[in-house]
Amino acid sequence: MQLKDSLTNLAPLSDEQQRQLNQALSTLNTQQLVWVSGYLYGLSQSGSQPAAASGTPAAPGGSLTILYGSQTGNAKGVASAIKAQAEARGLPVTLTSMADYKPKQLKKETHLLVVVSTYGEGEPPESAVDLFEQLKKGKVGKLEGLKFAVLGLGDSSYEFFCQTGKDFDGLLTKAGADRVHELASLDVDYQEAAKAWGEQAVNAIATTLSAGSASSSVTSAVQQAVGHSQYDKANPFPARLSLNQKITGRDSAKDIRHVEISLEASGITYQPGDALGVWFDNDADLVGEVLALAGRSGDEATAHGSLREVLTRHLELTRLHGGFITGLAELSDNAALKDLAGDKAQVNALVASAQVVDVLKRFPTPLSAEQLIGLLRPLTPRLYSIASAQSEVEEEVHLTVAVVRYPQEDGTVRSGAASSYLADRLAEDAEVRVFVEHNDNFRLPANPDTPVIMVGPGTGIAPFRAFMQEREAQDASGKNWLFFGNPHFTQDFLYQLEWQRYVKSGLLSKVSLAFSRDQANKIYVQDRLREAGLELYQWLEAGAHFYVCGDANHMAKDVQEALLDVIAEHGHKSREEAEEYLSELRRAKRYQRDVY
Ligand SMILES: Cc1cc2nc3c(=O)[nH]c(=O)nc-3n(C[C@H](O)[C@H](O)[C@H](O)COP(=O)(O)OP(=O)(O)OC[C@H]3O[C@@H](n4cnc5c(N)ncnc54)[C@H](O)[C@@H]3O)c2cc1C
Ligand SMILES: NC(=O)c1ccc[n+]([C@@H]2O[C@H](COP(=O)([O-])OP(=O)(O)OC[C@H]3O[C@@H](n4cnc5c(N)ncnc54)[C@H](OP(=O)(O)O)[C@@H]3O)[C@@H](O)[C@H]2O)c1
Ligand SMILES: Cc1cc2nc3c(=O)[nH]c(=O)nc-3n(C[C@H](O)[C@H](O)[C@H](O)COP(=O)(O)O)c2cc1C
C-alpha cells in the first residue's frame with residue numbers, strides 16, 4: 001500500500017506516466033507489489049528495459065501446469081488445445097497426464113488447470129484415480145497460493161454428470177487453493193464451449209503469471225500422439241469390414257461377434273491396449289420411425305443434407321439424455337410429460353431404460369425439423385478394445401463386440417446403435433469409418449520377463465487376446481495368467497481354441513475360468529482370484545502386472561475388492577496397508593484397468 005500511495009508524489013514521472021502506473025498497480029495484491037518492487041530494482045541494476053507489452057502483463061512468476069485425466073482421449077484433446085492457447089499467450093506451460101504426475105508435486109505448483117472426464121457412477125477415469133484419492137484423503141497438504149480452474153467433461157445422459165470435475169473443484173478449494181475461473185461442466189458437444197473456456201481460463205491465469213520463455217514441456221504421451229497417423233476421430237479412415245462372426249453358441253443368451261477390419265493402405269498403427277473408434281449410421285427403420293412420430297417426411301433440407309441424412313449420420317438416436325425429455329416437455333402441451341420432466345428421478349429412470357423413439361411414442365409431439373435437431377445431440381463414435389496385435393495380424397484390426405439388445409415394455413426389442421451396425425447392418429467388404437484411440441495406461445510391461453495377470457470376463461477378454469499375440473511374437477519368457485468368465489462353458493467360452501493352443505505351447509501358464517451359470521450358485525472371476533489368493537500374491541510379489549478389462553460398474557469394483565482381500569490376507573496387512581500396496585502398484589503402472 002505504501003508503494004502505491006507514494007507514487008502520487010513521484011517527481012521523475014509525468015502526470016500521464018503516474019496515472020498509468022497507478023492504474024496498473026491498483027490491481028495488485030501485497031505479494032505482487034513486493035514482487036514488482038524487486039523486479040523493478042533488478043531491472044534498474046541490470047540497465048535493461050522491460051520487454052515490450054505482448055498482451056501478457058508482467059506479474060509474479062510461476063508457471064502453468066495443465067493436468068488431464070482422460071480415458072478415451074477427449075480431456076486429453078481439450079487439455080492439449082488449452083496448452084496451445086497458453087503458449088500463444090507466451091505463458092510457460094507444462095502438460096501432463098495425471099497418470100504420470102506425482103501428487104506431492106501439487107504443493108510446488110503455482111497455477112493449475114485441470115481437465116478431467118467422469119466414468120462409472122460419477123468416478124474419475126483410471127488415469128486420475130491416484131491423484132484424486134490422494135487429494136480426497138488430504139494427503140497432498142495445504143495448497144494455499146495455488147491458482148486453479150477445472151474443466152469437467154461428461155455426458156448428461158449419466159446421473160452423475162461431470163461429477164469428477166465438480167469433485168476436483170471442491171477438493172482443490174478445500175485444500176485452500178484459489179479458483180481463478182469458474183468450473184465448467186461440459187456435455188458431449190463440448191468443443192466450442194471448451195475452446196471459449198480455455199481462452200477465458202488462460203486469460204485469468206495470465207493476469208497472475210509472467211510471460212515465460214517458450215520452454216514448455218509435454219508428457220511422453222502427448223509427444224507420442226504427435227507422431228500418430230493422420231487419421232483420428234475428426235478424420236476417420238474409411239476401412240473395410242472383412243469378417244463378422246458370431247462367437248457365442250446357438251443357445252447363448254448373448255450375441256458376441258468377432259469382427260475383423262482391414263486397415264490396408266491406411267498407415268495406421270496401434271499397440272495392444274489401444275481401442276478402435278467406430279463411426280456408424282443409425283438404423284434406417286429407426287430413423288423412419290422417429291421421423292413419422294415427429295410428423296416429418298425426412299426430405300426437409302438442412303445445412304447438412306436432408307433431415308433423414310442428418311438423423312442417420314450426425315445425431316444420436318439411441319442414447320437418450322435428460323435434455324431431450326425436458327426440451328420436448330417445453331414444446332408439448334402434454335401435462336403428463338411436463339410432470340415427468342419436472343421430476344429428476346423419473347427423468348433419470350427413463351434415460352436409463354428407453355430411447356428417443358420410445359419417448360416420442362409415449363408422448364407424441366409434432367416437431368419441426370429445426371426443433372427435432374435442437375433436441376438431439378451429436379452422434380459420438382463408440383470405442384472397442386482392440387483384440388489383435390499388429391505383430392500377428394499386420395494391417396488388420398480385430399474386435400470383440402457384444403451386440404446390445406433389450407426389450408421395451410411393449411415387447412419391441414431395441415438395439416445399441418454401433419454394435420448392431422457392426423453385427424447386422426454392415427455388409428462384408430463395406431466401408432466403416434474408424435480411428436485408433438491410443439491408451440498408454442493399458443500397456444504390457446516393457447520387460448518381456450515380467451509376469452502378467454489378466455482379468456477379462458465377457459468382452460473384457462478382447463485386449464488380452466492382443467496381449468497374448470504380442471507376447472508370442474516377442475517370444476516373451478514372462479509367465480501369463482488369464483481369468484475369464486461368462487455364463488456357460490459350452491456357449492460362451494470366447495476364443496476357446498486359441499487359449500487352449502496357448503496353454504499347450506506353454507505361453508499361457510495358467511487359466512482360471514468362472515462360468516457363472518453352469519451351477520446353482522453364481523461363480524465370478526473374483527471368486528477364482530480369492531481361491532488362488534496365495535499364488536496370486538506370490539505373483540504380485542514377484543513383480544507381476546495386474547490387468548482388468550470389462551464391465552466397470554460391478555465386475556471391476558468386485559475384482560478390486562477381491563484383490564485387496566488377497567493382499568491383506570496373504571501379505572498379512574491391514575485394510576489400509578492393502579490399499580496402500582494397491583496404490584503403489586497403480587503408481588508403478590502395475591495395476592491397470594480398461595473398464596467401461
Ligand atoms: C474404452 C472402451 C472400450 C470398450 N470396449 C468394448 C469391447 O471390447 N466390446 C464391446 O462390446 N464393447 C466395448 N465397449 C462399449 C462400446 O463402446 C459401446 O458402448 C457398446 O457397444 C454399446 O454401444 P451401442 O452403440 O451398440 O449402444 P448404444 O446405442 O450406445 O446404446 C446403449 C444404450 O442402451 C442402453 N441400454 C443398454 N442395455 C440396456 C438394457 N438392458 N436396458 C435398457 N437400456 C439399455 C444404455 O443405457 C445405453 O445408453 C467399450 C467402451 C469403452 C469406453
Ligand atoms: N447396461 C447394463 O446394465 C450392463 C450390464 C452388464 C454388462 N454391460 C455391458 O455390456 C457389455 C458387454 O458385457 P459382456 O457381455 O461382455 O459381459 P458381462 O455382461 O460383463 O458378463 C460377463 C460375465 O461376468 C459375469 N458377471 C456379472 N456380474 C459380475 C460381477 N459383479 N463380477 C464379476 N463378474 C460378473 C456375468 O455373469 P452373469 O451374467 O451370469 O451374472 C458373466 O458371466 C459391456 O460393455 C458391459 O459393461 C452392461
Ligand atoms: C462407460 C462410460 C461411463 C461414463 N460415465 C459418466 C458419468 O458417470 N458421468 C458423466 O458425466 N459422464 C460419463 N461418461 C461420459 C464421459 O465422461 C465423456 O464421454 C467424456 O467426454 C470422456 O472423456 P475422456 O475421453 O477424456 O475420458 C461415461 C462414459 C463412458 C464411456
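Biologist: What makes the approach of Ala417 to ligand 1 a polar contact?

Modeller: In this predicted model, a backbone N or O atom of Ala417 lies 2.8 Å from an oxygen atom of ligand 1. A polar contact requires a pair of N or O atoms within 3.5 Å. The value of 2.8 Å falls within that limit, and therefore the pair counts as a polar contact.

Biologist: How much of ligand 1 does the protein bury?

Modeller: Ligand 1 taken alone exposes 980 Å², of which the protein buries 76%.

Biologist: How do you know that Ala402 and Tyr384 also make polar contacts with ligand 1?

Modeller: The same limit of 3.5 Å applies. For Ala402, a backbone N or O atom is 2.9 Å from an oxygen atom of ligand 1. For Tyr384, an N or O atom of the side chain is 2.7 Å from an oxygen atom of ligand 1. Both values lie within 3.5 Å, so both pairs qualify.

Biologist: Why is Ala402 called partly exposed?

Modeller: Ala402, a residue of strand β14, has a relative accessibility of 34%. Buried would require under 20% and exposed over 50%. The value of 34% lies in between, and therefore Ala402 counts as partly exposed. Ala402 is also 146 residues from Ile256 in sequence, yet their C-alpha atoms are 4.3 Å apart in space.

Biologist: Which element gives the most to the shell around ligand 1?

Modeller: That element is β13, with four residues. At least two residues each come from α13, β13, β14 and α17. The shell residues divide into ten nonpolar, seven polar and three charged. Of the 20 residues around ligand 1, those that come nearest are Thr318, Arg319, Arg382, Leu383 and Ser419.

Biologist: Let us turn to the other ligand. What makes the pair formed by Asp551 and ligand 2 a polar contact?

Modeller: An N or O atom in the side chain of Asp551 is 3.4 Å from an oxygen atom of ligand 2. The limit is 3.5 Å, so this pair counts. Lys254 also meets the limit, because an N or O atom of its side chain is 2.3 Å from an oxygen atom of ligand 2. A backbone N or O atom of Thr459 lies 2.6 Å from an oxygen atom of ligand 2. The protein buries 68% of the 870 Å² that ligand 2 exposes when taken alone. Two or more residues of the shell come from each of β19 and α23.

Biologist: How do the residues of the shell around ligand 2 divide?

Modeller: They comprise six nonpolar, seven polar and five charged residues.

Biologist: How many aromatic pairs does a search of the whole structure find?

Modeller: The search finds 17 aromatic pairs. One of them joins Phe464 and Phe467, with ring centres 5.7 Å apart and planes at 75°.

Biologist: Why is the pair of Phe464 and Phe467 called edge-to-face?

Modeller: Rings pair if their centres lie within 6.5 Å, and planes over 60 degrees apart count as edge-to-face. The values of 5.7 Å and 75° satisfy both conditions, so the pair is edge-to-face. Both residues lie in helix α18, three residues apart, about one turn of the helix. Together with Phe442 and Tyr547, they form one aromatic cluster.

Biologist: How do you know whether Phe464 and Phe467 are buried or exposed?

Modeller: Phe464 has a relative accessible area of 0%, and Phe467 is likewise at 0%. Buried means under 20%, and therefore both residues are buried.

Biologist: What makes Phe484 and Phe515 a pair, and of which kind?

Modeller: Their ring centres are 6.3 Å apart, within 6.5 Å, and their planes stand at 75°, over 60 degrees, so this pair is edge-to-face. The pair links distant parts of the chain, as Phe484 in strand β19 and Phe515 in strand β20 are 31 residues apart. Both residues are buried.

Biologist: Why is Gln390 called buried?

Modeller: The relative accessible area of Gln390 is 19%, which is under 20%, so Gln390 counts as buried. Gln390 lies in helix α16, and its side chain reaches the backbone oxygen of Ile268 at 3.3 Å.

Technical notes:
Residues are numbered from 1 along each chain as its sequence is written. Chains are lettered from A and ligands numbered from 1 in the order in which they are written. This is a predicted model: local features need pLDDT of at least 70, side-chain atom pairs count only at pLDDT 80 or more; totals for chains, interfaces and linings use all residues. Side-chain values use heavy atoms; hydrogens and water are left out. A polar contact is a pair of N or O atoms within 3.5 Å; within protein, one must be able to donate a hydrogen and the other to accept it, and residues adjacent in sequence count only if both atoms are side-chain atoms. Accessible areas come from the Shrake-Rupley method with a 1.4 Å probe; for residues, only the protein chains shown count as cover. Ala, Val, Leu, Ile, Met, Phe, Trp, Tyr, Cys and Pro count as nonpolar, Asp, Glu, Lys and Arg as charged, and the others, Gly among them, as polar. A residue is near a molecule or strand if one of its heavy atoms lies within 4 Å of it. Rings of Phe, Tyr and Trp (its six-membered ring) pair if their centres lie within 6.5 Å; planes under 30 degrees apart count as stacked, over 60 as edge-to-face and the rest as tilted. Buried means under 20% relative accessible area, exposed over 50%, partly exposed in between (1.4 Å probe, protein chains only).
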